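User: I am new to this structure and should like to learn how its features are read. Please take me through them one at a time.

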Amino acid sequence: MDHFNYKDQQLFCENLSIKEIVEKVDTPSYIYSANTFKHHYEGFQKAFAPLDPLICYSVKACGNINIIKMLSEMGSGFDVVSGGELFRVQQGGGDSSKVVYAGVGKTDAELLQAIEAGIAFFNIESEAELENLIRLSQSVNKQVHGALRVNPDVDPKTHRHTTTGKRGNKFGVDIERAQKVFKDYGNNDWVKLSCIHIHIGSPVYTVDPYVSAITKTLELIDTLRKQDFTISSFIIGGGFGADYLTGQSPSAADYAKEIVPLIQNKNLKLILEPGRSIAGNAGVLITKVLYTKQAGDKKMVIVDAAMNDLIRPAFYDGYHFIWPVSVDKKFEIDHRSQDIAIEGTQTVDVVGPICESVDFLAKNRALPPLKRGDLLAVFTAGAYGFVMSSQYNARPRAAEVLIDDKDVNIIRRRETYEDLISHEK
Ligand code: LLP
């Protein structure tokens, strides 16, 4: 269950009203629910339990060290894509031996840092990277484990910016070339290639693309095993959907129902890299209405959060459901729907203060009548929200707040003007 619900016409996060939280932390703020994070993490653990998987939460989705600490205490491993993310995991008390590291452009410094940390798998994205990793691990006399990332050439039917497993994408090596990579490097002692990695895109709202990609990859694993290569683990990536609208995505159990039978009895340790499906609905962005105005035929609601706080609408046409924090009785809702049919709503654009036409959070959206000072909740903002924020237009980044029942923890304070210039001479 997600812990953002309306009670007596007020939106609550766990057992606190958002209005009360905002009185302490102001706007714009990211407000996370600890128990929603836990609920979604446990959902994966439970659904895939027959395979005793290692869940490596994808740090890129929401990487605050307090989130890392909370998930690490539940036994989570971590999927990282940079030295900075590995540093975050270490600072959050995560176990480096449960870290997998993907990315097409790992630098020597980053590779050495991860070798030193003793991570579980380097997800190898090219022969050139593999050669470099062999050279570096030999230079420090440390054996490491490699997962060859293959591109299974399936269409995940997601936004073109977030498709990763189609031929011609920059990720991994073409699946047909994998055998050649094993022939050339499969017996190397410095980098033990004992795992295959796939990640097809994000978000993937149906299970079929996983089934196709996994089936193709299992055929490869079979072939490699016949050639006497030891493949002991299989990383199937992340990309599992989150409910931007109620009921939009399969649950962890729905994905597992199709995936578990494919991998069961294959003598493979399963590793998952979910990010959005754990963090997405564990966070909302709260913003305040500054002004309303008419522009041509359009009603504009100008708010104090902008594309620098949440770039997904501008960048990917990302849809985020938006609803007021305090509502009249008739506007109290228990589900999020694209065509919310409540009498009395008005169709508006919700826009930010940044000097770009693409600075919007929602277009043509039905919302209850709004006035200056009203608070709005932008839902499903826990993943790829704060982490993609910037200081564009010299806007200090928002605060991040973690709610656990009735506890309010400011896990990242709002940036100040001093923060804006603190690295400049
Ligand atoms: N593993 C790998 C190798 C990845 O590249 C990604 C995401 C994940 C796991 C986690 O995917 P998730 O479970 O969170 O879907 N900024 C975009 C999403 C980019 C995803 C990049 N890779 C967005 O806001 O939609």
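User: Which residues is Phe 48 in contact with, leaving aside its neighbours within four places in sequence?

Analyst: In soluble globular proteins, nonpolar side chains tend to be buried together. In this predicted model, Phe 48 is in contact with Pro 53, Ala 252, Tyr 255, Ala 256, Ile 259, Val 260, Leu 270 and Leu 272, once neighbours within four places in sequence are set aside.

User: Which residues touch the most other members of the largest nonpolar core?

Analyst: Phe 37, Phe 48 and Trp 323 do so, in a core of 124 residues. Helix H8 (residues 208–226) supplies the largest share of this core, 7 residues. At least three residues of the core come from each of domain 1 (4–32 + 280–421) and domain 2 (34–277). Another core, of 9 residues, lies apart from it and includes Cys 56, Ala 120, Ala 147 and Ile 235.

User: How should I read the pairing of strands, and which strands pair with E13 in the parallel sense?

Analyst: Strands of a sheet pair through backbone hydrogen bonds, either parallel or antiparallel. Strand E5 (residues 54–58) runs parallel to strand E13 (residues 269–272), and 2 bridges join them. Here Ile 55 stands opposite Leu 272 in E13. Strand E12 (residues 233–235) also pairs with E13 in the parallel sense, over 3 bridges, and Phe 234 stands opposite Leu 270 in E13.

User: What do E12, helix H9 and E13 make together?

Analyst: They make a β-α-β unit that is right-handed, with helix H9 spanning residues 252–263. Among the contacts of Phe 48 named earlier, Leu 270 and Leu 272 recur here as residues that stand opposite Phe 234 and Ile 55, respectively.

User: In what order do the strands E1, E2 and E3 lie, and is their pairing parallel or antiparallel?

Analyst: The 3 strands form an open sheet in the order E1-E2-E3, with antiparallel pairing. Strand E1 (4–7) and strand E3 (16–17) are the edge strands, each pairing on one side only. Between E1 and strand E2 (residues 10–13) there are 4 bridges; Tyr 6 has Leu 11 in E2 as its bridge partner.

User: I should next like to understand charged pairs. How many salt bridges does a search of the whole structure find?

Analyst: Side chains of opposite charge can pair when their charged atoms come close. The search finds 18 salt bridges. In one of them, the side chains of Asp 108 and Arg 135 meet at 3.0 Å, N to O. This pair links distant parts of the chain, 27 residues apart: Asp 108 belongs to helix H5 (residues 108–117) and Arg 135 to helix H6 (residues 127–139).

User: Which residue forms a salt bridge with Glu 116?

Analyst: Lys 142 does, and the closest N and O atoms are 3.3 Å apart. Lys 142 lies in the loop between H6 and strand E9 (144–151), whereas Glu 116 lies in helix H5, 26 residues apart.

User: Why does Glu 116 count as exposed, and is Lys 142 exposed or partly exposed?

Analyst: The class follows from relative accessible area, where exposed means over 50%. Glu 116 is exposed because its value is 54%. Lys 142, at 32%, is partly exposed.

User: Which residues are linked in a network of salt bridges?

Analyst: Arg 397, Arg 412 and Glu 415 are linked in this way. Elsewhere, Lys 192 forms a salt bridge with Asp 189, with 3.4 Å between the closest N and O atoms.

Terms used: Residues numbered from 1 in each chain as written. Predicted model: local features only at pLDDT ≥ 70, side-chain atom pairs only at ≥ 80, totals over all residues. Heavy atoms only, no water. Pairing = 2+ DSSP bridges. Right-handed = clockwise from strand over helix to strand, strands pointing away. Salt bridge = Lys/Arg side-chain N within 4 Å of Asp/Glu carboxyl O. Buried < 20%, exposed > 50% of the residue type's maximum accessible area, 1.4 Å probe, protein only. Core = buried A, V, L, I, M, F, W, Y, C linked by side-chain atoms within 4.5 Å. Domains from an automatic or database assignment. Contact = heavy atoms within 4.5 Å.
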